[in-house]
Amino acid sequence: MSASSLATLLLSCPDRKGLVAAMARLLYEHGANILAAQQHADAPSKMFFQRIHFDTAELDLSREALADLLRIECGRFAMRWRLTWADRPQRLAIFVSRFEHCLYDLLIRHRLGELRCELACVVSNHPDLAPVAAQFGVPYHAFPITPETKLEQEKQTLALLERERVDVVVLARYMQVLSDGFVARWPERIINIHHGFLPAFSGARPYHQASERGVKLIGATAHYATSELDCGPIIAQDVEPCSHRDTVEDLVRKGRDVERVVLARAVRWHLEDRILVHGRRTIVF
């Protein structure tokens, strides 16, 4: 089976009878072979969500014609829908400051083939990690930021992303707050890693705060960025146990471990088109 013939369809709409049958029938009638189909009916919101992964090797019409048919059929059910193709990988930009652990992890996973995407560039507000990007042959762009230059540098960054045709932005411990305008340009396409299972220790020196409180779990949360800081829809979370024996250095080390894993998991799920956003929540298939 060739990746060039694989496609994924994501759907969401008010729940009603016949939704699964309608989509399956449309694909079957035109030669598509459904490889996996997952759905979820959310009772509180009365919403339906579905992910269909299918092979189009024997499709009897063009991709454009299939999209036109889906537009008509999905319109009948007031569906929000997205169709993606495996041979058109997304282009990804990694934003980073001076912490290198998440950047290294994403670059290595990409080299190993775990992340199906094109690495467009690494963007930073410091020049420090340029040698890391160079090791992997990824262009590195530094935009030093001060309170006086922040807006202008953000404009330059947006222009770069447009030129590089970037589809998704990953904040790999990027220690700058993006403006509301920036976030609005990339809805549900900016993935951030937060150094906490829940944002209980906000601000500077979170692991020092955690040590002082005697926490028993160190965690991390990956979420989509929104205009509300660190409160966007959660994609992935995990925790690592700790105890009174752990020093601040131990907590930092454990925190970095879990940050790497959680961020990579969220990025992979996004690239595999497994995530649907509904309000402040995500449905992850």
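The questions and answers below concern how terms are applied to this predicted model.

Residues are numbered from 1 along each chain as its sequence is written, and hydrogens and water are left out of side-chain values, which use heavy atoms. Because the model is predicted, local features need pLDDT of at least 70 and side-chain atom pairs count only at pLDDT 80 or more, while totals for chains, interfaces and linings use all residues.

Q: What makes the protein chain as compact as a globular protein of that length?
A: The protein chain has 8 helices and 13 strands, these being DSSP runs numbered from the N terminus (helices H or I, at least four residues; strands E, at least two). Its radius of gyration, taken over C-alpha atoms, is 21 Å, and the globule rule (2.2 Å times the number of residues to the power 0.38) gives 19 Å for 285 residues; the value is close to that, so the chain is as compact as a globular protein of that length.

Q: Why is Leu59 called buried or exposed?
A: Buried means under 20% relative accessible area, exposed over 50%, and partly exposed in between, with a 1.4 Å probe and protein chains only. Leu59, in the loop between β3 (47-55) and α2 (63-76), has a relative accessible area of 18% and is therefore buried. Leaving aside neighbours within four places in sequence, Leu59 is in contact (heavy atoms within 4.5 Å) with His30, Gly31, Ala32 and Leu66.

Q: Why does Arg109 count as buried?
A: Arg109, found in helix α3 (residues 101-111), has 19% relative accessibility and so counts as buried. Not counting residues up to four places away in sequence, Arg109 touches Glu114, Leu115, Val261 and Ala264.

Q: How do you know that the span of helix α5 agrees with what is expected?
A: The expected span of a helix is 1.5 Å times one less than its number of residues. For the 14 residues of α5 (residues 150-163) this gives 20 Å, and the end C-alpha atoms are 20 Å apart, which agrees.

Q: What puts the buried residues of α5 on the same side?
A: The buried residues of α5 are Gln153, Glu154, Thr157, Leu158, Leu160 and Leu161. They cover an arc of only 160° around the axis, which puts them on the same side of α5; the arc is that of the directions from the helix axis to the C-beta atoms. On the other side of α5, Leu151, Lys155 and Arg163 are exposed, whereas the buried residues pack against β5 (90-96), β6 (117-124), β7 (140-142), β8 (168-171) and α6 (180-185).

Q: Why is the pair Glu228 and Arg280 said to tie together parts of the chain?
A: A salt bridge is a side-chain nitrogen of Lys or Arg within 4 Å of a carboxyl oxygen of Asp or Glu, and the side chains of Glu228 and Arg280 meet in one at 3.8 Å, N to O. Glu228 lies in the loop between β10 (217-224) and β11 (234-241) and Arg280 in the loop between β12 (275-278) and β13 (281-284), so the pair ties together parts that are 52 residues apart in sequence. With a relative accessible area of 43%, Glu228 is partly exposed, while Arg280, with 60%, is exposed.

Q: What makes the separation of Asp257 and Arg260 about one helical turn?
A: Asp257 and Arg260 are 3 residues apart in helix α8, and are therefore separated by about one helical turn. The two form a salt bridge, their closest N and O atoms being 2.3 Å apart. Asp257 is partly exposed, with a relative accessible area of 35%, and Arg260 is partly exposed as well, with 25%.
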